[in-house]
Amino acid sequence: MRKKWAPIAAGVLLLLMVVLCVISVAESKHEAACDVTRSMDINHKKLEITAYARSSRMSQDDLSECVDGAFSLCQEYAEKFFDEQSDKSELGHIANLQKKGAGGRYELSPSPLLLVRSGLMLTECSGGAYDITAGALYRLFEDPEEAPTEEELREALSLCGSSLIETEDHAIRLKDGVVLNLDSLSDCYMCRMLEEYFILCGVANVCVSYGDVVFTSGGRLTTKGVLFWKHIEKEPFEVILPDAYPDLKEDKLIADDGYYAWAARPEAASANDLYTDILPFVSSQTGLPYEHETGSVAVVLENGAHAWYAHAIAHMLLALGKENSMKLLSSGLLETSFDLSIRQVRFEMISGETEFYKNEE
(Lines give C-alpha, C1' and ligand atoms only; values in the text may rest on other atoms or scores of the structure.)
Protein backbone atom coordinates (compact mmCIF):
# COMPACT_ATOMS: atom_id res chain seq x y z
CA MET A 1 0.00 0.00 0.00
CA ARG A 2 2.80 2.34 0.92
CA LYS A 3 4.56 1.56 -2.35
CA LYS A 4 1.33 2.36 -4.24
CA TRP A 5 1.00 5.86 -2.72
CA ALA A 6 4.70 6.68 -2.81
CA PRO A 7 4.76 7.84 -6.46
CA ILE A 8 1.63 9.95 -5.87
CA ALA A 9 3.16 11.57 -2.79
CA ALA A 10 6.37 12.20 -4.69
CA GLY A 11 4.39 13.75 -7.53
CA VAL A 12 2.46 16.01 -5.17
CA LEU A 13 5.67 17.07 -3.49
CA LEU A 14 7.28 17.79 -6.85
CA LEU A 15 4.24 19.80 -7.95
CA LEU A 16 4.33 21.76 -4.70
CA MET A 17 8.01 22.55 -5.20
CA VAL A 18 7.32 23.73 -8.75
CA VAL A 19 4.46 25.97 -7.54
CA LEU A 20 6.66 27.43 -4.80
CA CYS A 21 9.41 28.05 -7.32
CA VAL A 22 7.03 29.83 -9.69
CA ILE A 23 5.70 31.96 -6.82
CA SER A 24 9.24 32.82 -5.78
CA VAL A 25 10.18 33.84 -9.31
CA ALA A 26 6.99 35.87 -9.63
CA GLU A 27 7.63 37.68 -6.35
CA SER A 28 11.21 38.32 -7.37
CA LYS A 29 10.00 39.77 -10.63
CA HIS A 30 7.32 41.77 -8.84
CA GLU A 31 9.84 43.33 -6.48
CA ALA A 32 12.29 44.25 -9.22
CA ALA A 33 12.23 47.96 -9.86
CA CYS A 34 13.41 50.65 -12.23
CA ASP A 35 13.98 54.33 -11.62
CA VAL A 36 14.58 57.41 -13.74
CA THR A 37 15.90 60.84 -12.78
CA ARG A 38 15.83 63.87 -15.07
CA SER A 39 16.41 67.59 -14.55
CA MET A 40 16.28 70.67 -16.75
CA ASP A 41 15.40 74.36 -16.58
CA ILE A 42 11.74 75.15 -17.13
CA ASN A 43 10.49 78.73 -16.99
CA HIS A 44 13.88 79.92 -15.64
CA LYS A 45 13.90 77.42 -12.73
CA LYS A 46 15.31 73.94 -12.24
CA LEU A 47 12.76 71.14 -12.49
CA GLU A 48 13.96 67.78 -11.18
CA ILE A 49 11.90 64.59 -11.37
CA THR A 50 12.65 61.16 -9.96
CA ALA A 51 10.15 58.40 -10.72
CA TYR A 52 10.17 54.81 -9.47
CA ALA A 53 8.15 51.83 -10.75
CA ARG A 54 8.10 48.07 -10.40
CA SER A 55 9.51 46.52 -13.54
CA SER A 56 6.65 44.01 -13.59
CA ARG A 57 4.31 46.93 -14.29
CA MET A 58 6.51 49.29 -16.30
CA SER A 59 9.80 48.84 -18.11
CA GLN A 60 12.74 51.20 -17.79
CA ASP A 61 12.09 52.51 -21.30
CA ASP A 62 8.41 53.11 -20.57
CA LEU A 63 9.25 54.95 -17.36
CA SER A 64 11.84 57.08 -19.18
CA GLU A 65 9.29 57.93 -21.84
CA CYS A 66 6.81 58.91 -19.13
CA VAL A 67 9.32 61.23 -17.39
CA ASP A 68 10.38 62.78 -20.69
CA GLY A 69 6.72 63.42 -21.42
CA ALA A 70 6.39 65.24 -18.09
CA PHE A 71 9.12 67.70 -19.08
CA SER A 72 7.55 68.25 -22.48
CA LEU A 73 4.21 68.96 -20.79
CA CYS A 74 5.77 71.49 -18.38
CA GLN A 75 7.69 73.21 -21.16
CA GLU A 76 4.51 73.49 -23.21
CA TYR A 77 2.54 75.01 -20.32
CA ALA A 78 5.34 77.43 -19.45
CA GLU A 79 5.69 78.66 -23.02
CA LYS A 80 1.96 78.91 -23.58
CA PHE A 81 0.75 80.30 -20.25
CA PHE A 82 3.19 81.00 -17.40
CA ASP A 83 6.50 82.45 -18.62
CA GLU A 84 6.14 86.06 -17.49
CA GLN A 85 9.37 86.99 -19.28
CA SER A 86 8.11 85.89 -22.68
CA ASP A 87 5.66 87.87 -24.76
CA LYS A 88 4.56 84.57 -26.36
CA SER A 89 2.91 83.30 -23.15
CA GLU A 90 -0.43 84.62 -21.94
CA LEU A 91 0.86 86.01 -18.64
CA GLY A 92 4.04 87.33 -20.24
CA HIS A 93 2.07 89.12 -22.92
CA ILE A 94 -0.12 90.78 -20.28
CA ALA A 95 2.91 91.71 -18.15
CA ASN A 96 4.67 93.40 -21.08
CA LEU A 97 1.56 95.39 -21.99
CA GLN A 98 1.01 96.43 -18.38
CA LYS A 99 4.61 97.60 -18.00
CA LYS A 100 3.96 99.94 -20.91
CA GLY A 101 0.93 101.32 -19.08
CA ALA A 102 -1.74 99.45 -21.02
CA GLY A 103 -4.74 98.20 -19.11
CA GLY A 104 -8.21 96.90 -19.74
CA ARG A 105 -9.63 93.45 -20.42
CA TYR A 106 -7.43 90.43 -21.15
CA GLU A 107 -8.66 87.03 -22.30
CA LEU A 108 -7.17 84.13 -20.31
CA SER A 109 -7.20 80.36 -20.63
CA PRO A 110 -8.57 78.32 -17.68
CA SER A 111 -5.14 77.52 -16.17
CA PRO A 112 -3.79 81.09 -15.74
CA LEU A 113 -7.28 82.32 -14.84
CA LEU A 114 -7.31 79.78 -11.99
CA LEU A 115 -4.02 81.23 -10.71
CA VAL A 116 -5.43 84.75 -10.69
CA ARG A 117 -8.55 83.71 -8.81
CA SER A 118 -6.56 81.66 -6.32
CA GLY A 119 -4.13 84.53 -5.80
CA LEU A 120 -6.98 86.94 -5.13
CA MET A 121 -8.33 84.60 -2.46
CA LEU A 122 -4.93 84.47 -0.74
CA THR A 123 -4.58 88.24 -1.04
CA GLU A 124 -7.91 88.74 0.70
CA CYS A 125 -7.17 86.04 3.29
CA SER A 126 -3.91 87.76 4.28
CA GLY A 127 -5.44 91.22 4.42
CA GLY A 128 -3.16 92.33 1.59
CA ALA A 129 0.11 91.19 3.19
CA TYR A 130 0.43 88.79 0.25
CA ASP A 131 -0.55 90.69 -2.89
CA ILE A 132 -0.62 89.29 -6.42
CA THR A 133 -0.88 92.84 -7.82
CA ALA A 134 2.48 93.94 -6.36
CA GLY A 135 4.54 93.25 -9.49
CA ALA A 136 5.17 96.94 -10.20
CA LEU A 137 6.43 97.46 -6.63
CA TYR A 138 8.70 94.41 -6.69
CA ARG A 139 10.28 95.52 -9.98
CA LEU A 140 11.65 98.59 -8.19
CA PHE A 141 13.75 96.32 -5.95
CA GLU A 142 15.17 94.01 -8.62
CA ASP A 143 18.46 95.91 -8.49
CA PRO A 144 19.57 96.01 -4.81
CA GLU A 145 22.18 98.66 -5.63
CA GLU A 146 19.62 101.17 -6.85
CA ALA A 147 17.05 102.34 -4.29
CA PRO A 148 13.70 103.54 -5.69
CA THR A 149 12.76 107.19 -5.34
CA GLU A 150 9.77 108.32 -3.28
CA GLU A 151 7.90 109.20 -6.45
CA GLU A 152 8.52 105.72 -7.90
CA LEU A 153 7.30 104.14 -4.67
CA ARG A 154 4.13 106.24 -4.62
CA GLU A 155 3.36 105.31 -8.21
CA ALA A 156 4.01 101.60 -7.60
CA LEU A 157 1.88 101.56 -4.42
CA SER A 158 -1.01 103.12 -6.34
CA LEU A 159 -0.91 100.04 -8.59
CA CYS A 160 -1.22 97.53 -5.70
CA GLY A 161 -4.47 96.19 -4.31
CA SER A 162 -7.08 93.55 -5.10
CA SER A 163 -9.61 96.29 -5.99
CA LEU A 164 -7.56 97.01 -9.13
CA ILE A 165 -8.30 93.62 -10.68
CA GLU A 166 -11.57 91.98 -11.65
CA THR A 167 -12.17 88.45 -12.92
CA GLU A 168 -14.73 87.37 -15.47
CA ASP A 169 -15.66 83.95 -16.85
CA HIS A 170 -12.85 83.98 -19.42
CA ALA A 171 -10.91 87.17 -18.74
CA ILE A 172 -9.51 89.64 -16.22
CA ARG A 173 -9.68 93.43 -16.08
CA LEU A 174 -6.68 95.38 -14.84
CA LYS A 175 -6.14 99.03 -14.13
CA ASP A 176 -3.47 100.61 -16.34
CA GLY A 177 0.01 99.62 -15.16
CA VAL A 178 -0.97 96.88 -12.67
CA VAL A 179 1.64 94.09 -12.96
CA LEU A 180 0.61 90.69 -11.61
CA ASN A 181 2.92 88.57 -9.48
CA LEU A 182 1.85 84.93 -9.91
CA ASP A 183 5.28 83.30 -9.78
CA SER A 184 4.79 81.18 -6.66
CA LEU A 185 1.34 80.06 -7.78
CA SER A 186 2.55 78.98 -11.22
CA ASP A 187 5.31 76.88 -9.62
CA CYS A 188 2.76 75.02 -7.56
CA TYR A 189 0.42 74.63 -10.51
CA MET A 190 3.19 72.89 -12.43
CA CYS A 191 3.61 70.39 -9.59
CA ARG A 192 -0.14 69.82 -9.38
CA MET A 193 -0.26 69.18 -13.12
CA LEU A 194 2.59 66.67 -12.82
CA GLU A 195 0.85 64.91 -9.95
CA GLU A 196 -2.19 64.26 -12.16
CA TYR A 197 0.02 63.34 -15.11
CA PHE A 198 1.93 60.63 -13.23
CA ILE A 199 -1.30 59.20 -11.84
CA LEU A 200 -2.56 58.82 -15.41
CA CYS A 201 0.77 57.20 -16.35
CA GLY A 202 0.36 54.69 -13.52
CA VAL A 203 3.47 55.89 -11.65
CA ALA A 204 2.71 55.98 -7.93
CA ASN A 205 6.21 56.80 -6.63
CA VAL A 206 7.57 60.13 -7.75
CA CYS A 207 9.41 63.16 -6.39
CA VAL A 208 9.13 66.52 -8.16
CA SER A 209 11.30 69.49 -7.18
CA TYR A 210 10.59 72.80 -8.87
CA GLY A 211 11.85 76.15 -7.62
CA ASP A 212 11.08 76.25 -3.90
CA VAL A 213 8.31 73.64 -3.89
CA VAL A 214 8.61 69.85 -3.61
CA PHE A 215 5.96 67.22 -4.21
CA THR A 216 6.43 63.58 -3.21
CA SER A 217 4.13 60.63 -3.70
CA GLY A 218 4.74 57.04 -2.67
CA GLY A 219 6.38 55.61 0.45
CA ARG A 220 9.35 54.35 -1.56
CA LEU A 221 10.63 57.90 -1.74
CA THR A 222 10.07 58.90 1.89
CA THR A 223 11.53 56.06 3.93
CA LYS A 224 14.47 58.08 5.24
CA GLY A 225 12.31 60.18 7.56
CA VAL A 226 13.60 63.49 6.24
CA LEU A 227 11.84 66.23 4.37
CA PHE A 228 13.34 68.17 1.51
CA TRP A 229 14.60 66.77 -1.77
CA LYS A 230 17.87 68.31 -2.92
CA HIS A 231 19.74 65.75 -5.00
CA ILE A 232 20.39 62.03 -5.33
CA GLU A 233 23.51 60.94 -3.54
CA LYS A 234 24.93 57.40 -3.18
CA GLU A 235 21.58 55.60 -2.96
CA PRO A 236 18.53 56.11 -5.18
CA PHE A 237 15.79 58.17 -3.55
CA GLU A 238 17.91 59.43 -0.67
CA VAL A 239 16.35 62.69 0.46
CA ILE A 240 18.94 65.25 1.48
CA LEU A 241 18.14 67.81 4.16
CA PRO A 242 19.42 71.36 3.65
CA ASP A 243 21.50 72.86 6.43
CA ALA A 244 18.79 75.39 7.24
CA TYR A 245 16.48 72.68 8.61
CA PRO A 246 18.43 70.45 11.05
CA ASP A 247 15.52 70.01 13.48
CA LEU A 248 13.15 68.53 10.93
CA LYS A 249 15.15 65.32 10.65
CA GLU A 250 13.88 64.13 14.02
CA ASP A 251 10.22 64.81 13.36
CA LYS A 252 8.73 61.62 11.93
CA LEU A 253 5.52 63.40 10.92
CA ILE A 254 7.26 64.91 7.93
CA ALA A 255 7.88 61.56 6.23
CA ASP A 256 4.37 61.55 4.73
CA ASP A 257 3.56 62.16 1.09
CA GLY A 258 2.64 65.72 0.33
CA TYR A 259 3.68 69.16 -0.83
CA TYR A 260 6.57 70.94 0.85
CA ALA A 261 7.56 74.54 0.17
CA TRP A 262 9.62 77.28 1.73
CA ALA A 263 10.12 81.02 1.36
CA ALA A 264 12.81 83.33 2.74
CA ARG A 265 13.53 87.02 2.98
CA PRO A 266 16.77 88.12 1.29
CA GLU A 267 18.77 88.26 4.54
CA ALA A 268 17.93 84.64 5.36
CA ALA A 269 18.27 83.37 1.80
CA SER A 270 21.80 84.70 1.35
CA ALA A 271 23.13 82.01 3.70
CA ASN A 272 21.42 79.13 1.86
CA ASP A 273 21.65 78.65 -1.89
CA LEU A 274 18.69 76.27 -1.78
CA TYR A 275 16.26 79.17 -2.06
CA THR A 276 15.58 80.19 -5.64
CA ASP A 277 12.57 82.54 -5.48
CA ILE A 278 13.34 85.58 -3.36
CA LEU A 279 10.77 88.38 -3.27
CA PRO A 280 11.62 91.86 -1.98
CA PHE A 281 10.72 91.96 1.71
CA VAL A 282 8.52 95.04 1.39
CA SER A 283 4.86 95.66 2.10
CA SER A 284 2.59 96.44 -0.85
CA GLN A 285 0.60 98.66 1.51
CA THR A 286 3.43 100.95 2.68
CA GLY A 287 6.39 100.25 0.40
CA LEU A 288 8.50 99.74 3.54
CA PRO A 289 10.18 96.56 4.79
CA TYR A 290 8.02 94.39 7.04
CA GLU A 291 8.71 95.10 10.70
CA HIS A 292 8.68 91.50 11.96
CA GLU A 293 11.80 89.35 12.33
CA THR A 294 10.59 86.18 10.60
CA GLY A 295 13.37 85.08 8.27
CA SER A 296 11.95 82.01 6.52
CA VAL A 297 8.88 79.80 6.48
CA ALA A 298 8.60 76.11 5.56
CA VAL A 299 5.19 74.49 5.12
CA VAL A 300 4.17 70.83 4.98
CA LEU A 301 0.79 70.10 3.39
CA GLU A 302 -0.71 66.65 3.06
CA ASN A 303 -1.85 65.67 -0.40
CA GLY A 304 -5.29 67.06 -1.04
CA ALA A 305 -7.45 68.91 -3.50
CA HIS A 306 -5.59 72.21 -3.13
CA ALA A 307 -2.32 71.25 -1.43
CA TRP A 308 -0.50 72.59 -4.47
CA TYR A 309 -0.96 76.08 -2.99
CA ALA A 310 2.03 75.29 -0.75
CA HIS A 311 4.47 77.81 -2.23
CA ALA A 312 2.01 80.70 -2.32
CA ILE A 313 1.02 79.93 1.28
CA ALA A 314 4.68 79.94 2.33
CA HIS A 315 5.13 83.39 0.78
CA MET A 316 1.91 84.63 2.38
CA LEU A 317 2.94 83.43 5.85
CA LEU A 318 6.38 84.98 5.44
CA ALA A 319 4.77 88.33 4.60
CA LEU A 320 2.44 88.06 7.60
CA GLY A 321 5.24 87.11 10.02
CA LYS A 322 5.14 84.45 12.72
CA GLU A 323 2.71 86.13 15.14
CA ASN A 324 0.02 86.94 12.59
CA SER A 325 0.59 83.64 10.81
CA MET A 326 0.01 81.69 14.02
CA LYS A 327 -3.31 83.48 14.49
CA LEU A 328 -4.37 82.73 10.93
CA LEU A 329 -3.31 79.08 11.14
CA SER A 330 -5.01 78.55 14.50
CA SER A 331 -8.26 80.04 13.17
CA GLY A 332 -8.62 77.24 10.63
CA LEU A 333 -9.54 79.79 7.95
CA LEU A 334 -6.85 78.61 5.54
CA GLU A 335 -7.83 74.97 5.79
CA THR A 336 -11.56 75.55 5.38
CA SER A 337 -11.23 78.17 2.63
CA PHE A 338 -8.83 76.15 0.50
CA ASP A 339 -9.64 72.56 1.51
CA LEU A 340 -6.16 72.01 2.94
CA SER A 341 -4.67 69.66 5.48
CA ILE A 342 -1.77 71.58 7.05
CA ARG A 343 0.56 69.20 8.85
CA GLN A 344 3.29 71.56 9.94
CA VAL A 345 4.73 75.05 9.49
CA ARG A 346 8.23 75.97 10.59
CA PHE A 347 9.16 79.60 11.29
CA GLU A 348 12.82 80.55 11.47
CA MET A 349 13.68 83.99 12.83
CA ILE A 350 16.58 86.16 11.68
CA SER A 351 18.10 85.55 15.13
CA GLY A 352 18.14 81.79 14.43
CA GLU A 353 15.30 80.85 16.77
CA THR A 354 12.68 78.48 15.41
CA GLU A 355 9.05 77.80 16.19
CA PHE A 356 6.62 75.23 14.84
CA TYR A 357 2.91 75.23 14.18
CA LYS A 358 1.64 71.65 14.21
CA ASN A 359 -1.82 70.41 13.44
CA GLU A 360 -2.65 68.19 16.41
CA GLU A 361 -5.71 66.58 14.79
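**Stop 1: the largest cavity**

Start with the residues around the largest cavity of this predicted model, whose lining is made up of ten nonpolar, two polar and one charged residues. To find the place, select Tyr 138, Leu 279, Pro 280, His 315 and Ala 319, which are the closest to the cavity's centre among the 13 lining residues. The space inside comes to about 140 Å³. Now colour helix α9, residues 310–320: with three residues, α9 supplies the largest share of this lining.

**Stop 2: the second largest cavity**

How many cavities of 30 Å³ or more does the structure hold? There are three. For the second largest, select Glu 84, Leu 91, Ile 94, Ala 95, Leu 180 and Leu 182, the residues that line it. You will be looking at about 50 Å³ of space. Five of these lining residues are nonpolar, none is polar and one is charged.

**Stop 3: the largest pocket**

Next, go from cavities to pockets. Select Gln 85, Glu 142, Asn 181, Asp 183 and Leu 279: of the 25 residues that line the largest pocket, these lie nearest its centre. The pocket holds about 840 Å³ of space. Keep Leu 279 highlighted for a moment, since you have met it before: Leu 279 is also among the residues closest to the centre of the largest cavity.

Which elements give two or more residues to the lining of this pocket? Show α3 (90–99) and α5 (135–139), and you have them. Of the elements, α5 gives the most, with three residues. By class, the pocket lining divides into eleven nonpolar, six polar and eight charged residues.

**Stop 4: a pair of packed helices**

Now hide the pocket and show two helices, α2 (residues 60–82) and α7 (residues 183–201). Two packed helices are described by the angle between their axes and the distance between the axes. Here the angle is about 145° and the axes lie 10 Å apart. Turn the view until one helix lies over the other, and look at the way they cross: α2 passes α7 in a right-handed crossing.

To see what fills the contact, show side chains on both helices. On α2, the contact residues include Leu 73, Tyr 77 and Phe 82. Opposite them, α7 brings residues including Tyr 189, Met 193 and Phe 198. Taken by class, this contact has 15 nonpolar residues, two polar ones and one charged one.

**Stop 5: two loops with an unusual backbone**

Which residue in the loop between β1 (33–42) and β2 (45–54) should you select? Pick His 44, which sits in that loop. His 44 is not a glycine, yet its phi is positive, at about 70°. Most residues other than glycine have a negative phi.

For a second example, move to the loop between α11 (333–338) and β10 (342–349) and select Asp 339. Asp 339 is not a glycine either, and its phi is positive at about 55°. Is Asp 339 buried or partly exposed? With a relative accessible area of 46%, Asp 339 counts as partly exposed.

**Last stop: the whole chain**

Finally, zoom out and switch to a cartoon view. The protein chain has eleven helices and eleven strands. Of its 361 residues, 51% count as buried. Among contacts in the chain with a separation of 6 or more, 65% are between residues 24 or more positions apart.

Technical notes
Residues numbered from 1 in each chain as written. Predicted model: local features only at pLDDT ≥ 70, side-chain atom pairs only at ≥ 80, totals over all residues. Heavy atoms only, no water. Axes fitted to C-alpha atoms, helices over the stretch in contact; angles between N-to-C directions. Helix = DSSP H or I, 4+ residues; strand = E, 2+ residues; numbered from the N terminus. Left-handed = near helix turned anticlockwise from the far one by under 90°. Contact = heavy atoms within 4.5 Å. Nonpolar A, V, L, I, M, F, W, Y, C, P; charged D, E, K, R; others polar. 1 Å grid on protein atoms, 1.4 Å probe; cavity = no way out; pocket = protein on both sides within 12 Å on 5 of 7 lines; lining within 4 Å. Points joined across faces, edges and corners; volume = space filled by probe spheres on them. Buried < 20%, exposed > 50% of the residue type's maximum accessible area, 1.4 Å probe, protein only.
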